[in-house]
Structures are given as structure tokens and as C-alpha cells.
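Got your viewer open? Follow along, selecting each stop in turn.

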Amino acid sequence: MAKYLVIVESPAKAKTINKFLGSNYHVVASNGHVRDLPKSQLGIDIENDFEPKYITIRGKGDILAMLRKEVKKADKVYLATDPDREGEAISWHLAKALKLEDDQIHRITFNEITKSAIKASIKEARGIDMGLVDAQQSRRILDRMVGYKISPVLWAKVKRGLSAGRVQSVALRIICDREQEIDSFIPEEYWTLDVLLDVKGEKKPLTARFYGKEKEKIEISSKSQLDSILADLEGQPYKISHIKNGERSKKAPLPFTTSTLQQEASKYLNFSTQKTMRIAQQLYEGIDIKGNGTVGLITYLRTDSTRISDEADEAVRKFIDQAYGSEYVTSKVKESKNSGKIQDAHEAIRPSNSELTPTKIKESLSRDQFRLYQLIWSRFVASRMSDAVYTTTSVKINCNGYIFTVTASKIKFEGFLSVYKHTEDKADANVLLNKLTEESELSFHDFESKQHFTQPPAHFTEASLVKTLEELGIGRPSTYAPTITTIITRRYVAKENKNLYVTELGEVVNQIMKDAFPTIVDVDFTANMEYLLDRIAEGSINYKTVIRNFYPDLEEAVTRAEKELEEVKIEDEVSDVVCDQCGRQMVIKYGPHGKFLACPGFPECRNTKTYFEKIGVPCPKCGKDIVIRKTQKGRKYYGCENNPECDFMTWQRPSGKNCPKCGNALLIKGQKLVCADEACGYRENKETE
């Protein structure tokens, strides 16, 4: 019988850890939190110094009963939840629910799920860190106060089902502020001017970009200014005044933090923040690898540090030396400076074993797991590689006192780029520049001028919002993805082609929050609250002090809002479907599972229907509209609205065009249009919008 009990959060993590420990250990999972504040009430005793009232989460009774039996049989209990504040709080709740005495609590943490890390953590077992627990309790209590006090105000003044949150409301404000910037942006005209020059002895002309004067860059802001410059250049000779050859280096990137992983996965893999975290969790907890059993492939995924352990650093340098050569191993130690907003509690996100290359384990991973692991692996290996080196050539061409420039660069030494290609810095090879000297004869060929207008700031994407939240010190690695998911789910923000757009509902909620609760949506206030939570974690501030100072102002603002705020009416979107019971035009409503159609005559008429979104393409079989449907497992497909009379369906989005060879529908597949009949095989490039 096992002497020692190890409790973790998830069955997948339990399975991986169980492999590393002998028969004396029994590893079980709590399936996440076992205690929380009640959903039906505030759950905080305001009169009793804001004492939280924790209850057993519904459905966790059987799990706790099982854990209590296992605890009685064990000589020692190890609490092995995640190595962050939330993990520490779960361990504390488990200790309370299982009635463990202080001398029975053995808290172990590890940054990676490997045999050496697990065994080392058992040797370094400790008690519960109440600083971390109190920081998590504070976050939970503050968030509960904001949510449960302000949300009813939104229900009364706008509509039921809305919510406010301490971090989500600030995120919404940041997006709304950007939308206002975009709406108020006034474009400004500017022009670019290129000159095409024939080089004696060369067939291709050389293109040079207008710069200005020798010591002054000139921005061309109007057609009249351009015409004046062209008049000065007319008939004048072009002469190379300066050629500079040199080198520049591109620094290797730092290993991933949670924020940078979410940003890069969005940019290069088209993953949402939620999807990135879900797949990273799978890689961390363990994947069954052929020949290796269950292996935790990456280190802990919620971190804001770029620090790497000495052992991992030494191992990856050895790997690079063997795989690429000693010249590819950097001599520098790359770590970002601690900005004061960084907790630095964990290492950066990295592979637990650098020698498990993506290609070695590809067969054991799903497509998405492989792509994310490849991104993490290549980024980490690249972080310990030499800088990339480019040779550069810069040419200045003088014409009547005006300067035109040509630049080019060429890779001299790939360095980290041999592993990590995800970089905006591209070589710009211009073979012609290598043949130029200051004596080269140039003759005018043509001008190319183009009118432009300055562009407004870009709409936020999930990736750029995460970056902004991190820069402002709002939220922490564990909160970015849930915050974004919440504001999208609540329909405050709509996501289209990666961009985030504020909805009418989002604008109304944001305005109410700014008018009635300006402190809650103040960026500096929220960032300062994160700073206070960090100090609580360190043990330098009592968590009740923060809550005592926060609550009175919140209560006063809520009372004032209930009296002074006017109601705002948000009209439901009217559909083109007629209610077959009373004849009214049905409206689009939102429920827990998304959109549905409801009769506006409620409660007299309670008719509802499933809502299918039309894509604006006719069915190739019967001519009615194609709609988006979902399988029982939630997978999206495209079918005819006339189903079941018409059986047309496809997994790919129909383009609305027909195959010129066989007449079947052309489907959109990436950047191609392909025939629905695979036997036909017709495909063509998709037209760019």
C-alpha cells in the first residue's frame, strides 16, 4: 500500500507524475478548485472585517470524500498544485477541506514535470506560503466585490445578463479609447518620390528613394511641394556622393513569457489567447510520447520572467554546439531587465528537454500541439544562439543638392535565424549595389511618385491587447486570456479577422463605467492594485488592509449610481424570420449557448427558434441561403437553410462561385478556391479583397 499521497489539480498531470514516482506514492487529482465563494451571494462578510465565506463547490463532494479516505491511509500528504498564487490557494483550500494540520502539510512545487524536478521538489517540501494565498484571496475578493456590486446596476440600467469586472472593465475601456482614436483620426497627405536611374553597363535600372537635403530629411506633404522638387531636379545630373559598406547584427530573441507566447502564437499560428493557453497546458501536463511514455514537454506556462535555470542553459548550449557548431552558441546571457511589474517567480516558458526536437515527437502530437511546441522549442533554442549578422550597403545619390538613398542588406551569418524564422527583419538583397562605385555613371530614366495618407492607429487584436495590458501593468499572466474571453463572450467586443471591435453594448457599458465608476476603469488605479497584490504576496502588506481601503469607495459609487444613472435601452436586432405563432418579426437574442431567435411578443408569445447565421452565398443545389451550423460536438460546418429537404453540406466555406470544369461549388481553402468534387481536382487562386 502506498505510504505517500500526492494531490495535483488535473488527471493528466497526475498520470505524468505517477510515472516518475515509485509504488510508495499514490497520485490523485482534485480536478481544480474544491472550495470557492458561493455563486448565489456576495460571499464576503462585510461586517466581520470582510471575511470570505468559502463553501465546497457543487459537484466536488465525491472528490473530497475520496481524498479524505486517501489522506487517512497515507503517512504523508504532498500538495503539488501549480507553482503560482492560484495553485498555492488551491493547496490551502485542500488543506482546509481535508482538515490537515500544519505539520501534515507538505507543499511541493516544480517548474517542469520531469523526474528530476519532481524528486527534487519532494526533498524541498515546505508549508503553505500564506503571502501567495492572501494575494490570490485579495484578487478573488476584490473581483467578487466589483462583479457582484456593479453588475446589478448594469442589469437595472441596461439589461440583465451584463457583468462588470475589475480587470475586464479596464480592458474594455482601453479598446473603447482606441476606437475613439480611430474615429477622430484625421488623415494627413504625404508623397513618396522614387527615381529610376540607368547605370552604365547594367540592364536593370536602379531605384532610389527621395530623402531630402544632405543634413535635413524633407517630408513631402503636398502635390505642389512635389512639383517644386521635380522642377528643381529637371535636367540635372545624378552623382553618387557616398557609398558605405558595413555590418549590422540582429539580436536573438528572449525565451517566451506568457504574454509573448500569446502574441507570437496569435501572429504566426492564428491562435486565440484561450487556445494558446489550453494547448500549452496540455504540453505542460504531459503528452504520451512513443518510446518515452507520458512526458511533460514544456515548463510552467504562466510566467512573466525570461530567466532560465543554469542546468537548462548549459543543456541547450551543449545541444546547439552538437547540432549546429560552436560558432552558433552565444557567449552572452540574455535576460530582460526587471521592470518592477515582473514577479519573476518562475522560469521562462521553454521545452523541458531541448533534445526532444519537434520533428522527433511530431507523430505523438496533434497538429496544433506540434505547431505550438515547435514555436516554443525554436524560440528557446534561438535565445541561446549567436546574433544574425548582415552585410549592409548604403548609397547616397546627389542631384542639385537633393539626396536620394538606396540601401540593401544580405545575410552573412544566420545565427539564430537558422532555427527561429519568425522575425520582421528581412534581408533586402540588391545585387546591383555591389557593382556600384562613386565613379559609376548614372542617367535619369524616370520618376515614380505616389500619394499616401497617414493611417489611424490599428484596431486591437488579442495579441496587441495582451501586449498593452502587460506594458500598463494590468492583470498578470494567468488573467490575460480569461479577461479577453469574457469581454468577447459578453458581446462587449466582437472579433472579426483577428481585430477586436467594440459593440454598441460595449460602448454603453464602458460609458456607464466611466461616468459612475471612474476609479474602477482607471488604468493607473488598476495597475497600482496589481502592485499592491504583489506586495501582499511578498508579505509586506496585510491583504485585509487593501480590501478595507477599497470597499467604502466602491459602496458609495454603487449607491450614487443606483440613484443618478438613467436607464439605457438597447434594441434587439430584428431578423427576417416571421414568428409562425403570432406573425411578429422575430429578434436575435443571446443565451448561454450563443444566438437564438425569440418572439418580441414575450411573455404573450414564447416562441423561440434556432438561429443560423447566413453567409451571403446561395445553396448550389436549391438556391436558398447557406447558413453556418454546428455538429453535436460543436464543430462548424456549412449547410442549406432548407435542410432536411436539401442535403447540401460542406466543412469548407462555399465561395459562391461554381467550378468552370464540372459546375460544382468552389470552396474556400486557405488562399485557394477548390472544387467540392475531389475527383474533379480543379483549383484556382483566391482573389484578394
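Start by selecting residues 402-413, which are strand 16: this strand runs antiparallel to strand 10, and four bridges join the two. Here helices (H or I, at least four residues) and strands (E, at least two) are DSSP runs numbered from the N terminus, and two strands pair if DSSP finds at least two bridges between them. Click on threonine 405 in strand 16, and you'll find arginine 209 opposite.

Before moving on, a word on what you're looking at. This is a predicted model, where local features need pLDDT of at least 70 and side-chain atom pairs count only at pLDDT 80 or more, while totals for chains, interfaces and linings use all residues. Residues are numbered from 1 along each chain as its sequence is written, and side-chain values use heavy atoms, with hydrogens and water left out.

Next, stay with strand 10 and add residues 189-199. That's strand 9, joined antiparallel to strand 10 (residues 206-213) by four bridges. Valine 195 sits opposite alanine 208. Which residue in the turn of this hairpin has a positive phi? Glycine 201 does, at about 90°, and six residues lie between the two strands.

Now go the other way from strand 10, to residues 216-217. This is strand 11, antiparallel to strand 10 and held by two bridges. Glycine 212 has lysine 217 as its bridge partner. These two strands form a hairpin as well, with two residues between them.

Time for another sheet. Select strands 2, 1, 7 and 8: in that order they make an open, parallel sheet. Strand 2 (25-29) and strand 8 (105-107) are at the edges with a single partner strand each, so one side of each has no neighbour in the sheet. From one strand to the next, the twist averages 25°.

Zoom in on residues 76-79, strand 7, which pairs with strand 8 over three bridges. There, tyrosine 78 has histidine 106 as its bridge partner. Then show residues 61-73: helix 2 packs on this sheet, touching strands 1, 2 and 7 (contact means heavy atoms within 4.5 Å). Its direction makes about 165° with that of strand 2 (axes are lines fitted to C-alpha atoms, for helices over the stretch in contact, with angles from 0 to 180 degrees between N-to-C directions).

Last stop: residues 115-123, helix 4. Its buried residues are Ala117, Ile118, Ser121 and Ile122, where buried means under 20% relative accessible area, exposed over 50% and partly exposed in between (1.4 Å probe, protein chains only). What covers them includes helix 1 (11-20), strand 2 and strand 7. Flip to the other side of helix 4, and Ser116 and Lys123 are exposed.
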